[in-house]
Amino acid sequence: MNTFKLVTFRLLTVFIVITQFKDISSVSSIKKLYAVLSNRQTTSTITKAQNYQVAPGINYEYLYTRGSNNNSSKPTMLFLHGFPSSFHSWRHQTDYFSRQGYDCLAPNMMGYGKTYSPLNVSEYKSKAMVDHLITLLNYLQINKVIVVGHDWGTRTAGRFLLHRPERTVGVVLISGSYNAPALFDLDRALDASTKAFGYEIYGHWKFFEANDAAKLIENNIEGFMDLVFASDPTLWKTNFAPVGKVREWVINKNKTTRGAYMTANDYEILRQYHAEGMQPKLNWFKMMIANNDWEDEKNLNPVLQRPMLYLGGKKDYVSVISAYGGPSQYIANLQTCPLDTGHWVMEEDPQGVNGIIERWIKKIQ
C-alpha cells in the first residue's frame, strides 16, 4: 500500500470511529472507544462470558470454548486462575488448545467478576469449590477433564484431583504446588522458608490477612499492580515476599515498570477486577491460614491418583520451583519443567507453556 492510500485508510478509520462516538468527552464514551480499538481476543473474551448457578444464590461466570473439529476423543481442559487474576489470564491457552481440538473451560473463581464473591471467609473451602466445578461440568455435559491451575488455582486443581479423581485425566500445576492435607501454620512456614531460602517467601500473607489490606490496595491499585506484575522479578524477593514490604509499598504509593508480556488493555481488565473489591480475593489467603479445608480432607488418601505436570519460573521468588517441583511421596507420576520466566509463566511464555502441556497430554493418554 503506497503512502497516499495508507494515509487515506487511516483517516477513514478515524472518521468511522468518531462518527460512531460523536461525544468522546464523557467517560462512558471513552470506554466505548477504547473497546473498539482493543484487540480481537479481548472482544472475544467479553462476548463469550456465560453464567450458571451451581447452587441457589451461587453463580459462576465462565468462558467455554469448543474445540475445532473436536470428535470427543480429547478431554476438556479446565483452567483455574489464581490471585489476583481472572479467566482472562488463560486467553493464550484457550485460544491455542481450542484450535488443537480441545474444549476449554475457564471459570472466574470465587471472589472474581460475576462469580459468587462472599466476604465471609468461612465460605471459602476447596471441597465446596470442587463441588461447584463438578456441577458446572455436569451442566455442560463434560465428563473427564485435564485440570490446569495457576497460583491459587493450583490449590483447587490439586483438591479437584484429591476429591474427584474419577473426573480427571491429569493435572497441570503452574507456579504453585500440591500440598498433602495438613494443618497450616503461617509462622512456622515463615521460619522454614527463611532457613531454606534466606528470606520469607510467605511474608506477604501477613499483610493480606490484615483487616485493612483490601482498603489499602484499593487506594493504590496502580502501584499494587506495578509490584505484582513488575518487569523486574527480583522485586518480589525484596519488596513483595518479606513481611511488611507490600504494606510499605502500597502506603508509600511506590511505582515501577510493569512486565511487557501483557498489553495496556490486559492491565485495564485487571484493574477493573481489582476495583470491584479486593477482600473476596484476599479471602483465599485467609482460608488457608484458618485451615478451612482440614475437616473435609483430614481422612482422605493424600496420594494423587493421576499424572501431574509442574511448570515453574526460574525467576519466581515466591513460588520457588526448587521447593515445589521436586520428587514427592504423594505424587506417583510427576514431570517438572522449569521455564525462564517469573511467576506469570503462561503470560510470559505462552508458546513454551502450550507446547509443554500439549506434549505431556499426548504422553499420558
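This report describes the fold, the nonpolar core and selected local features of a predicted protein model.

**Overall architecture**

The protein chain contains 18 helices and 8 strands. Of its 365 residues, 53% are buried. Taking contacts between residues at least 6 apart in sequence, 75% connect residues at least 24 apart. The chain exposes about 16700 Å², and 52% of that area is supplied by carbon and sulfur atoms.

**Nonpolar core**

The largest nonpolar core holds 104 residues, among which Phe208, Leu311 and Ile357 touch the most other members. Helix α5 (residues 126-139) gives this core its largest share, 6 residues. At least three residues come from each of domain 1 (50-182 + 296-362) and domain 2 (186-287). In soluble globular proteins, nonpolar side chains tend to be buried together.

Ile357 can be examined further through its contacts. With neighbours within four places in sequence left aside, Ile357 is in contact with Met77, Phe97, Val148, Val172, Leu309 and Leu311. Leu311 is thus a contact of Ile357, and both are named with Phe208 as the residues touching the most other core members.

**Surroundings of Trp90**

Trp90 is placed in the loop between β3 and α4. Its relative accessibility is 0%, so Trp90 counts as buried, the cut-off being under 20%. Not counting residues up to four places away in sequence, Trp90 touches Phe79, Leu80, His81, Ala106, Val148, Gly149, His150, Ile174 and Met346. Val148 appears in this list and also in the contacts of Ile357. Trp90 and Pro350 are 260 residues apart in sequence, while their C-alpha atoms are 9.3 Å apart in space.

The loop between β3 (76-80) and α4 (91-99) also holds Pro84. The peptide bond leading from Phe83 to Pro84 is cis, with omega near -10°.

**Strand pair β1 and β2**

Strands β1 (residues 50-55) and β2 (residues 58-65) run antiparallel and are joined by 5 bridges. Ala55 stands opposite Ile58 of β2. The hairpin has 2 residues between its strands, and Gly57 takes a positive phi there.

**Helix α13**

Helix α13 (residues 264-275) has 12 residues, which at 1.5 Å a residue should span 16 Å; the end C-alpha atoms are 16 Å apart, so the two values agree. The buried residues of α13 are Asn265, Asp266, Tyr267, Ile269, Leu270, Tyr273 and His274. An α-helix has 3.6 residues a turn, so residues three or four places apart point the same way. After α13 comes Gly277, with a positive phi.

**Positive phi values**

The table lists residues with positive phi, including glycine and other residue types.

| Residue | Phi | Place |
|---|---|---|
| Gly57 | near 80° | hairpin of β1 and β2 |
| Ser175 | near 55° | loop between β6 (168-174) and α7 (186-197) |
| Gly277 | near 135° | follows α13 |
| Asn291 | near 55° | loop between α14 (279-289) and α15 (294-297) |

Ser175 is a residue other than glycine with a positive phi, as is Asn291. How do these two residues stand in terms of relative accessibility? Ser175 counts as buried because its relative accessibility is 1%. Asn291, at 22% relative accessibility, counts as partly exposed, since buried requires under 20% and exposed over 50%.

Terms used. Residues numbered from 1 in each chain as written. Predicted model: local features only at pLDDT ≥ 70, side-chain atom pairs only at ≥ 80, totals over all residues. Heavy atoms only, no water. Helix = DSSP H or I, 4+ residues; strand = E, 2+ residues; numbered from the N terminus. Buried < 20%, exposed > 50% of the residue type's maximum accessible area, 1.4 Å probe, protein only. Contact = heavy atoms within 4.5 Å. Areas by Shrake-Rupley, 256 points an atom, 1.4 Å probe, with all protein chains shown as cover. Core = buried A, V, L, I, M, F, W, Y, C linked by side-chain atoms within 4.5 Å. Domains from an automatic or database assignment. Expected span 1.5 Å × (residues − 1). Pairing = 2+ DSSP bridges.
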